[in-house]
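Q: Could you take a close look at the salt bridges of this structure and walk me through them carefully, one by one? I am a first-year student, so please connect each pair to the place where its residues sit.

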Amino acid sequence: MSGPAAKSVYLGWVADAITGKRGVASTAARAPGDLILGYATGYDVADVAPFVRSLRAVWDGPLVLVVDQDPAMLAFLADHDVEGVAPRPVAAGAWAPHPVMARFAAFDALMAERPWARHVLMTDVRDVVFQADPFFPAPQGSEFFSEYDEGTLADHAFNMKYLRGVGGEDIARALSGKPCVCVGTVVGARDAMMRFCRTLLMLAAIPRSEIGGAFGADQAACNIALHLGMIEGEVKANYGRVATLGLTPGQQLTVADGRIVNPDGGVSAIVHQHDRHPHLLEAAYARWGDGLERRERVRPQSAAQRRRKLKDSVLRRLPELR
């Protein structure tokens with residue numbers, strides 16, 4: 001005799017996302033190759049142009065971006081041989097997680113539809129530019145990238161907050177001395193990346209829905225999965241394949257010949273969080289913006305959005321029937 005089923009809107013959403021109907025893998029013959037996936041809903045062409053144009057300057061392989069189906073965006077992507085796919089539809093008034101969580105369900109589905117993919121890079125879009133082939137040298141396993149090498153998770157109040165929210169106080173304390181890896185750039189073999197997506201999504205089902213589906217839950221679930229050995233992967237030092245610059249002092253970062261130079265004088269293939277430093281943002285946009293108007297990403301919230309934010313804040317503090 002089965003017991004009562006757990007009830008949460010997150011569990012319903014994730015079950016539909018990873019076990020429900022999805023596209024069918026193409027039967028067309030295609031040689032194995034690498035693949036890049038990004039999630040860019042809510043963005044304008046100007047927001048994604050540096051990512052797309054810098055990538056196409058160094059790599060011509062398949063790139064799939066989940067985007068709003070705006071004609072200007074789709075035309076821009078088509079001009080750069082980028083596939084722009086629509087996000088999963090959400091019924092009016094239905095609960096949905098933050099895009100940082102929704103993206104991993106989308107990535108899982110996109111990889112399932114592309115069995116030819118060899119290595120897959122899952123990456124942020126708005127704050128990433130490319131400076132060399134992102135798959136050279138070829139990954140030898142799943143690679144996760146440290147945000148900075150001198151510190152640990154205990155040094156990040158934001159990360160510790162969501163570690164407690166997703167895994168509880170004891171898990172957060174046990175992992176506090178581990179390196180802080182950034183979920184914004186992850187690369188590995190297709191099968192391993194699909195397992196990573198599903199592990200992350202299921203870990204986020206542990207707390208109440210408004211925490212598991214929130215901004216920050218993705219980062220916490222990634223660090224929990226990696227550091228507790230739920231997934232295999234290697235933590236790569238900063239300024240290697242990926243340079244994550246959000247915590248790097250700006251005076252240590254320079255631009256030479258149009259490329260962002262790391263504190264050690266090296267140049268990384270993938271630069272993440274360059275927009276945290278105005279001089280790097282301006283340099284990247286001057287090179288890759290190509291006349292597009294860059295707008296500050298400050299958008300007024302509607303009354304409905306403010307009510308939703310307040311509701312979510314209250315629900316995070318209440319027990320959820322499960």
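A: A search of the whole structure, which is a predicted model, finds 16 salt bridges. One of these is formed by Asp-34 and Arg-118, whose side chains meet at 3.2 Å, taken from N to O. Asp-34 belongs to strand β1, which covers residues 33-39, while Arg-118 belongs to strand β4, which covers residues 117-123, and the pair therefore ties together parts that are 84 residues apart in sequence. The surroundings of the two partners can also be described: Asp-34 is buried, with a relative accessible area of 12%, whereas Arg-118 is partly exposed, with a relative accessible area of 42%. To read these values, it helps to know that a residue counts as buried when its relative accessible area is under 20%, and as exposed when that area is over 50%.

Helix α6, made up of residues 169-175, offers another setting for such pairs. Here the side chain of Arg-173 meets that of Glu-169 in a salt bridge of 3.7 Å, N to O, and the side chain of Arg-173 also meets that of Asp-170 in a salt bridge of 2.9 Å, again N to O. Why can Arg-173 and Glu-169 be described as about one helical turn apart? The two residues are four residues apart in helix α6, so about one helical turn separates them. Asp-170 and Arg-173 are three residues apart in helix α6, and this spacing, too, amounts to about one helical turn. As for the two acidic partners, Glu-169 is partly exposed, with a relative accessible area of 39%, while Asp-170 counts as exposed, at 57% relative accessibility.

Salt bridges can also be followed through a group of residues: Arg-126, Asp-127, Asp-275 and Arg-276 are linked in a network of them.

To place these details in the whole chain, it helps to step back for a moment. The secondary structure comes to eleven helices and twelve strands, among them the helix α6 and the strands β1 and β4 discussed above. Of the 322 residues of the chain, 49% count as buried, and Asp-34 is one of the buried residues. If we consider contacts between residues at least 6 apart in sequence, 79% of them join residues at least 24 apart. The accessible surface of the chain, finally, comes to about 15700 Å², and 55% of this surface belongs to carbon and sulfur atoms.

Terms used. Residues are numbered from 1 along each chain as its sequence is written. This is a predicted model: local features need pLDDT of at least 70, side-chain atom pairs count only at pLDDT 80 or more; totals for chains, interfaces and linings use all residues. Side-chain values use heavy atoms; hydrogens and water are left out. Buried means under 20% relative accessible area, exposed over 50%, partly exposed in between (1.4 Å probe, protein chains only). Contact means heavy atoms within 4.5 Å. Accessible areas come from the Shrake-Rupley method with a 1.4 Å probe; for residues, only the protein chains shown count as cover. A salt bridge is a side-chain nitrogen of Lys or Arg within 4 Å of a carboxyl oxygen of Asp or Glu.
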